Amino acid sequence: MWRYALLLMLPLAAAAQPATFQAHVLAEDLRGGYQVAVADVNGDGKADLIALAQYMDQLFWFENPGWERHVLATGLTDMINCEVVEPGREIIIASGFSSQASKSVGIVSVLRAGTDVRQPWTATEIDRLPTSHRLRLARIDRGRPVAVNAPLTNARAEAPDYREPTPLVYYRPGDWRRVVISEEVVGVEHGILITDWNGDGLDDILTASFAGIHVYSPAKGKWKRAQIGAGDPTAWPKSGSSDLALGRLGKTRFLAAIEPWHGNQVAVYRQVGGKWARQVIDDSFSNGHALAAADLNGDGRDEIIAGYRTRGNTYIYTAGGSGEQWTRTTLDEGMASASCAAADLNGDGRVDIACIDGTRLKWYENRGWK
């Protein structure tokens with residue numbers, strides 16, 4: 001049901017016009033499409049697309065600029081997330097995933113390219129951590145990149161409460177040994193966001209879980225944890241947050257979130273009076289999952305891209321004023337996106353969007369604005 005200020009549709013005298021998009025279908029056979037990642041796979045300096053599908057044993061990438069499809073890896077089942085560690089050389093990937101911890105092997109592997117980057121890469125297992133779920137690079141080890149692994153739950157956790165401490169770990173490229181960051185979060189930890197939150201030159205890790213949104217900051221070999229927001233206030237296990245994206249309205253930053261876990265709400269957090277105030281801008285989702293933020297029309301203000309998976313649609317939200325009102329427009333009706341990413345894919349200076357759903361991978365070419 002529609003509520004909140006996004007109904008107001010208030011015109012802004014100095015606001016830029018919204019961007020327009022042309023959809024290009026790159027694949028329609030991705031069974032269980034789950035993640036689309038923008039990354040330079042072959043090390044040529046161009047942004048390629050990786051398409052990860054849970055119900056296939058092949059990982060694909062699409063080469064920029066012609067979007068030719070290549071097999072990146074074979075023989076991996078129940079894949080859930082990947083991240084390029086070094087373009088043209090190494091990718092880390094989590095497979096053997098199940099949301100039921102007792103059935104989740106949680107295999108973490110490093111894929112390495114051979115002499116021909118367009119031929120399937122070789123997988124080397126480095127760890128087994130049940131429900132390994134989110135993999136992201138973070139510059140926390142004296143500014144050097146490490147690969148963060150955020151499992152969904154503890155290995156002993158059981159539905160629906162999952163009341164066990166959930167690990168957060170990382171691996172240093174090269175030795176690939178597991179290093180524990182924290183086991184403070186209890187319950188499902190679904191989304192993570194890597195950013196230099198406190199401006200100290202090192203990345204921090206933001207997590208979205210049943211306990212809300214927290215930030216982990218490295219400090220002299222230790223980790224400090226602080227809560228940003230509690231997320232959905234409904235009683236456990238319907239509480240908290242699920243996915244995160246960071247945006248800016250000019251010089252002011254905001255957080256976008258899907259809430260609660262696989263939830264129905266798109267929420268925005270803005271700093272008001274020294275605290276992060278939560279505002280639900282849409283509560284019409286069913287199984288919300290895709291989330292990104294980017295400046296789509298070149299006005300210095302980021303839009304939110306969000307989608308849901310149950311007979312879903314994918315939308316763009318545009319802020320009015322300082323973020324009190326948000327206007328929703330449809331990017332793609334019937335695109336039940338599990339993941340979306342935003343980047344300039346064709347080098348024209350405009351930010352494009354890529355989304356994946358249960359079968360399709362689409363590139364939405366930004367055609368500009370007036």
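Where is proline 160 found? In this predicted model, proline 160 belongs to the loop between β11 and β12, and that loop is a useful place to begin, since several of the features described below involve it.

## The loop between β11 and β12

Alanine 159 and proline 160 are joined by a cis peptide bond, with omega at about 0°. Tyrosine 162, whose place is also in the loop between β11 and β12, has a phi near 50°, which is a positive value in a residue other than glycine. Both features can be set against a general background: most residues other than glycine have a negative phi, and most peptide bonds are trans.

Tyrosine 162 has a relative accessibility of 9%, and because buried means under 20% relative accessible area, this residue counts as buried.

## Aromatic pairs around tyrosine 162

The structure holds 11 aromatic pairs. In one of them, the ring centres of tyrosine 162 and phenylalanine 210 are 6.3 Å apart and the ring planes stand at 70°, so the pair is edge-to-face. Tyrosine 162 lies in the loop between β11 (144–150) and β12 (168–171), whereas phenylalanine 210 lies in the loop between β15 (204–209) and β16 (212–219), so the pair ties together parts that are 48 residues apart in sequence. Phenylalanine 210 is buried, as tyrosine 162 is.

Tyrosine 162 also forms an edge-to-face aromatic pair with tryptophan 261, with 5.8 Å from centre to centre and 85° between the planes. This second pair links distant parts of the chain, 99 residues apart, with tryptophan 261 in the loop between β19 (252–259) and β20 (265–272). Tryptophan 261 is partly exposed, with a relative accessible area of 22%. Together, Tyr162, Phe210, Trp236 and Trp261 form one aromatic cluster.

## A further positive phi and a further cis bond

Histidine 262 has its place in the loop between β19 and β20, and although it is not a glycine, histidine 262 has a positive phi of about 50°. With a relative accessibility of 26%, histidine 262 counts as partly exposed.

Another cis peptide bond joins asparagine 64 and proline 65, where omega is about 15°. Proline 65 is found in the loop between β4 (58–63) and β5 (68–74).

## Charges over rings

What sits over the ring of phenylalanine 60? The charged end of arginine 69 takes that position, 4.1 Å from the centre of the ring. A similar description applies to tyrosine 315, where the charged end of arginine 328 sits over the ring at 3.8 Å from its centre.

## The disulfide and cysteine 82

A search of the whole structure finds one disulfide, which joins cysteine 340 to cysteine 355 with an S to S distance of 2.1 Å. The link of cysteine 340 and cysteine 355 is right-handed, with 110° about the S-S bond. The pair links distant parts of the chain, 15 residues apart, with cysteine 340 in strand β26 (residues 339–343) and cysteine 355 in strand β27 (residues 352–356). Cysteine 340 is buried, with a relative accessible area of 7%, and cysteine 355 is buried as well, with a value of 0%.

Cysteine 82, by contrast, is in no disulfide, and the nearest cysteine sulfur, which belongs to cysteine 340, is 16 Å away. Because a disulfide requires sulfur atoms within 2.5 Å, that distance leaves cysteine 82 unpaired. Cysteine 82 is buried, with a relative accessible area of 1%.

## The largest pocket

About 960 Å³ of space lies in the largest pocket. It is lined by 34 residues, of which Arg136, Ile192, Leu193, Leu291 and Cys340 are the closest to its centre. The elements that give two or more residues to this lining are β2 (33–39), β6 (81–86), β10 (134–141), β14 (189–195), β18 (243–249), β22 (288–294) and β26. By residue type, the lining of the largest pocket divides into 24 nonpolar, six polar and four charged residues.

## Aspartate 203

Aspartate 203 lies in the loop between β14 and β15, and with a relative accessible area of 17% this residue is buried. The C-alpha atoms of aspartate 203 and glycine 143 are separated by 8.0 Å, although the two residues are 60 residues apart along the chain.

Definitions and conventions. Residues numbered from 1 in each chain as written. Predicted model: local features only at pLDDT ≥ 70, side-chain atom pairs only at ≥ 80, totals over all residues. Heavy atoms only, no water. Helix = DSSP H or I, 4+ residues; strand = E, 2+ residues; numbered from the N terminus. Buried < 20%, exposed > 50% of the residue type's maximum accessible area, 1.4 Å probe, protein only. Phe/Tyr/Trp six-rings, centres within 6.5 Å; stacked < 30°, edge-to-face > 60°. Lys NZ or Arg CZ within 6 Å of the ring centre and 35° of its normal. 1 Å grid on protein atoms, 1.4 Å probe; cavity = no way out; pocket = protein on both sides within 12 Å on 5 of 7 lines; lining within 4 Å. Points joined across faces, edges and corners; volume = space filled by probe spheres on them. Nonpolar A, V, L, I, M, F, W, Y, C, P; charged D, E, K, R; others polar.
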